[in-house]
Amino acid sequence: TTASIRNSSVALGAGGVSATSMAGGLAGYSFGGDIMNSYATVSTNVTATAGNNAGGLAGQFGSTSAVGLMYGSYATVAGNVSVTGSYAGGLVGQLSVKQVIKSYAVVAWQISGTNYVGGLAGALFTSGPVPDPTVSRSYSNFGSISSTGLRIGGLVGYSEGNLDNSY
């Protein structure tokens, strides 16, 4: 079965989000469904303290379906998004869905990690039945971005897909 997140929101206070890995404002890990019209507001930081995948909305979001979708969703983080390992993004750390449309991330301070660090997503991967993933009409806004390793980008740290009308 697939699990979707729709019309959902969370506002997190001073504690922020901290996990060993898979840290996200709304979901640490979401796989197999859609995320639509949902958001997270984090008043401090989102941190994966000893592993991979941190994002303002989700640490990792993927689908085994050729129709996986994120639409009209966003994250605002008043502090930092960081991982000690790989895959840090303002919206999602690691992304493998068919489409991301009209979604955004605003991170006040810094997005950081070792590898795969991006303003919107750390990485956009193809996955099995998900060829040519596309990010369209989406954006990121952040204070700064840093990586101690490879693959860093203002929008996506590493992309196996298409970026269309996004900034």
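## A first look at an all-strand fold

At 15% relative accessibility, D34 counts as buried, because the cut-off for a buried residue is under 20%. That residue is a handy place to start a tour of this structure, which is a predicted model. The protein has 24 strands and zero helices. Below, the overall picture comes first, followed by the sheet, the cores, the aromatic rings, the salt bridge and a few loop residues.

**Overall picture**

- The C-alpha trace spans about 35 × 35 × 30 Å along its principal axes.
- The protein has 167 residues, and 49% of them are buried.
- How much of the contact between residues at least 6 apart in sequence joins residues at least 24 apart? The share is 81%.
- About 6700 Å² of the protein is exposed, and carbon and sulfur atoms supply 50% of that area.

**A six-stranded sheet**

- Six strands form an open sheet with parallel pairing, in the order β1-β6-β11-β16-β20-β24.
- Strands β1 and β24 (162–164) stand at the edges and have a single partner strand each, so one side of each has no neighbour in the sheet.
- At the β24 end, β20 and β24 run parallel and are joined by three bridges.
- For a concrete spot to look at, find S136, which stands opposite D164 in β24.
- As background, strands of a sheet pair through backbone hydrogen bonds, in either a parallel or an antiparallel way.

**Nonpolar cores**

- In soluble globular proteins, nonpolar side chains tend to be buried together.
- Here the largest nonpolar core has 21 residues, and L57, F61, M70, L91, V92 and L95 have the most contacts inside it.
- Which strands each supply at least two residues of this core? They are β10 (58–62), β15 (92–96) and β19.
- Another core, of 13 residues, lies apart from the largest one, and V17, V42, V81 and I111 are among its members.

**Aromatic rings**

- A pair of aromatic rings is described by the distance of the centres and the angle of the planes.
- There are ten aromatic pairs in the structure.
- One of them joins Y39 and Y74, which are stacked with 4.8 Å from centre to centre and 0 degrees between the planes.
- Y39 belongs to strand β7 (residues 39–42) and Y74 to strand β12 (residues 74–77), so this pair ties together parts that are 35 residues apart in sequence.
- Both partners are partly exposed: Y39 has a relative accessible area of 30%, and Y74 has 22%.
- Y139 and Y167 make another stacked pair, at 5.2 Å centre to centre and with 5 degrees between the planes.
- This second pair also links distant parts of the chain, with Y139 in strand β21, Y167 in the segment after β24, and their positions 28 residues apart.
- Are Y139 and Y167 exposed or partly exposed? Y139 is partly exposed at 26% relative accessible area, whereas Y167 is exposed at 61%.
- Y39, Y74, Y139 and Y167 come together with Y104 in one aromatic cluster.

**The salt bridge**

- Side chains of opposite charge can pair when their charged atoms come close.
- The structure holds one salt bridge, and it is formed by the side chains of D34 and R6, with 3.1 Å from N to O.
- D34 sits in the loop between β5 (27–31) and β6 (35–36), while R6 sits in strand β1 (residues 5–6), so the pair ties together parts 28 residues apart in sequence.
- The partners differ in cover: D34 is buried, whereas R6 is partly exposed, with a relative accessible area of 45%.

**Loop residues worth finding**

- Most residues other than glycine have a negative phi.
- N53 is not a glycine, yet its phi is positive, at about 75 degrees.
- Where is N53 found? Its place is the loop between β8 (46–48) and β9 (54–55), and it is buried, with 5% relative accessible area.
- R151, also a residue other than glycine, has a positive phi near 65 degrees.
- R151 lies in the loop between β21 (139–147) and β22 (152–153), and its relative accessibility of 40% makes it partly exposed.
- G128 lies in the loop between β19 (121–124) and β20 (134–136) and is exposed, with a relative accessible area of 75%.
- The C-alpha atoms of G128 and S63 are separated by 9.1 Å, although these residues are 65 apart along the chain.

Methods: Residues numbered from 1 in each chain as written. Predicted model: local features only at pLDDT ≥ 70, side-chain atom pairs only at ≥ 80, totals over all residues. Heavy atoms only, no water. Salt bridge = Lys/Arg side-chain N within 4 Å of Asp/Glu carboxyl O. Helix = DSSP H or I, 4+ residues; strand = E, 2+ residues; numbered from the N terminus. Buried < 20%, exposed > 50% of the residue type's maximum accessible area, 1.4 Å probe, protein only. Pairing = 2+ DSSP bridges. Core = buried A, V, L, I, M, F, W, Y, C linked by side-chain atoms within 4.5 Å. Phe/Tyr/Trp six-rings, centres within 6.5 Å; stacked < 30°, edge-to-face > 60°. Contact = heavy atoms within 4.5 Å. Areas by Shrake-Rupley, 256 points an atom, 1.4 Å probe, with all protein chains shown as cover.
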